[in-house]
Amino acid sequence: MILVATSANEQLKKVVIIGVGLIGGSFALALKKNSAAIHLVGLERSAASLERALVLGIIDEASTDIASALQGADLVVISAPVAQTEVILSAIYPHLEAHTIVTDTGSTKADVEVSARKALQDKIGQFVPAHPIAGRESNGPDAAIASLYQAKKLVITALPENAQSAIDLVATTWQRCGAVPHYLTPSQHDHVFAAVSHLPHLLAYALVDQITEQPQAELRFQYAASGFRDFTRIAGSSPEMWRDISLANRAALLDELTHYQAQLQRVANALKQSDGAELLAIFSNAQAARRRWIQAIESAEQPPKEGGD
């Protein structure tokens, strides 16, 4: 069933954010900065987080009652660990008004679609899955910043049941926060991010944990400098969130781990054989690929030149 959503060009009047930590809180701050007339309601399992979000001016209203919070809502944004998605959607299902669009910020999408279909049933067309590609190593409302999504990608994995107006509403709202919409299928999304996001987080956590288990761990940390800090920065992220992401995307992540283990074995063999040429080839290829990637990012972020051809 295709549903008709509120036009993306209409002014949102009420947005409900379920989860007012870094991701949800930053979304609220950015939306408040660029669309001051919108009434932002926070729903959160933690009363302390809700109170803090109010104090910081992230939200206009805190609520623990789903029915009253969703009354008259134009958009609901679920910003919670992906393992909670089905429970949250099931809870809001009875209170969803026909015009209300729901979206999420989860880092996995195939499992989210499955959960949404179970929970929302005939209202599945009102749910537009999405994933903002942004983050910080800090958590909670105090970590939220209005600029988090500026010039960052927002991946939408639209469902066949979504009306174009529903997709446009989600895209336009995130554009107000500075994000740039992109579109992938759930499968494409999960395989891409297993490689470039989920695996790096897993490796950062594993490395730090491994060092803590070694003799003289404190001595090792004492001499860790900027390289170690940069490599392991993302190990400061929410363990609960990344546990859920890793399990939710375990099939694609296991594929990437297999490839990475093969690469590590290649490096280990080169070290055992004192094969400097092989190490240089690996390092040089990686350096060149990273430079191309950085140049592409910097080129995309350059403002268009005025005048000229």
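**Exercise 1. Classify W174, then find its aromatic partners.**

Start with accessibility. W174 has 1% relative accessibility, so this residue counts as buried. Buried means under 20% relative accessible area, exposed over 50%, and partly exposed in between (1.4 Å probe, protein chains only).

A word on the basis. This is a predicted model: local features need pLDDT of at least 70, side-chain atom pairs count only at pLDDT 80 or more, and totals for chains, interfaces and linings use all residues. Residues are numbered from 1 along each chain as its sequence is written, and side-chain values use heavy atoms, with hydrogens and water left out.

Now search for ring pairs. Rings of Phe, Tyr and Trp (its six-membered ring) pair if their centres lie within 6.5 Å; planes under 30 degrees apart count as stacked, over 60 as edge-to-face and the rest as tilted. The whole structure yields three aromatic pairs. One of them joins Y149 and W174, edge-to-face, at 4.9 Å centre to centre with 85 degrees between the planes. Y149 sits in the loop between β7 (130–132) and β8 (153–156), and W174 in helix α6 (residues 164–176), so the pair ties together parts that are 25 residues apart in sequence. Helices (H or I, at least four residues) and strands (E, at least two) are DSSP runs, numbered from the N terminus.

Check the partner. Y149 is buried, at 1% relative accessibility. Then extend the group: F27, Y149 and W174 form one aromatic cluster.

**Exercise 2. Describe the F221–F228 pair and the environment of its rings.**

Geometry comes first. F221 and F228 pair edge-to-face, at 6.0 Å centre to centre and 70 degrees between the planes. Then accessibility. F221 is partly exposed, with a relative accessible area of 26%. F228 is partly exposed too, with 23%.

**Exercise 3. Which residue lies over the face of Y93?**

Apply the criterion. A charge sits over a ring if NZ of Lys or CZ of Arg is within 6 Å of the ring centre and within 35 degrees of the ring normal. K123 lies over the face of Y93, at 4.6 Å from the ring centre.

**Exercise 4. Trace the six-stranded sheet.**

Step one: order. The open sheet runs β3-β2-β1-β4-β5-β6, with parallel pairing. Two strands pair if DSSP finds at least two bridges between them.

Step two: edges. β3 (61–63) and β6 (127–128) are the edge strands, each pairing on one side only.

Step three: registers. Strand β2 (residues 39–43) is joined to β3 by three bridges, in parallel. V41 stands opposite E61 in β3. Strand β4 (residues 75–78) is joined to β5 by four bridges, also parallel. There V77 stands opposite T103 in β5.

Step four: side chains of β5 (residues 101–104). I101 and T103 point one way, V102 and D104 the other, and all are buried.

**Exercise 5. Trace the three-stranded sheet.**

This open sheet has the order β7-β8-β9 and mixed pairing. Its edge strands are β7 and β9 (180–183). β7 and β8 pair in the antiparallel sense over three bridges. P132 stands opposite L154 in β8.

**Exercise 6. Where is the pLDDT below 50?**

Begin with the overall figure. pLDDT is the predictor's confidence in each residue, from 0 to 100. The protein has a mean of 91, and 94% of its residues reach 70 or more. Residues 1–9 fall below 50. Residues 304–309 also fall below 50, and that stretch has zero contacts (heavy atoms within 4.5 Å) beyond near neighbours in sequence. Where pLDDT is low, the predicted coordinates should not be read in detail.
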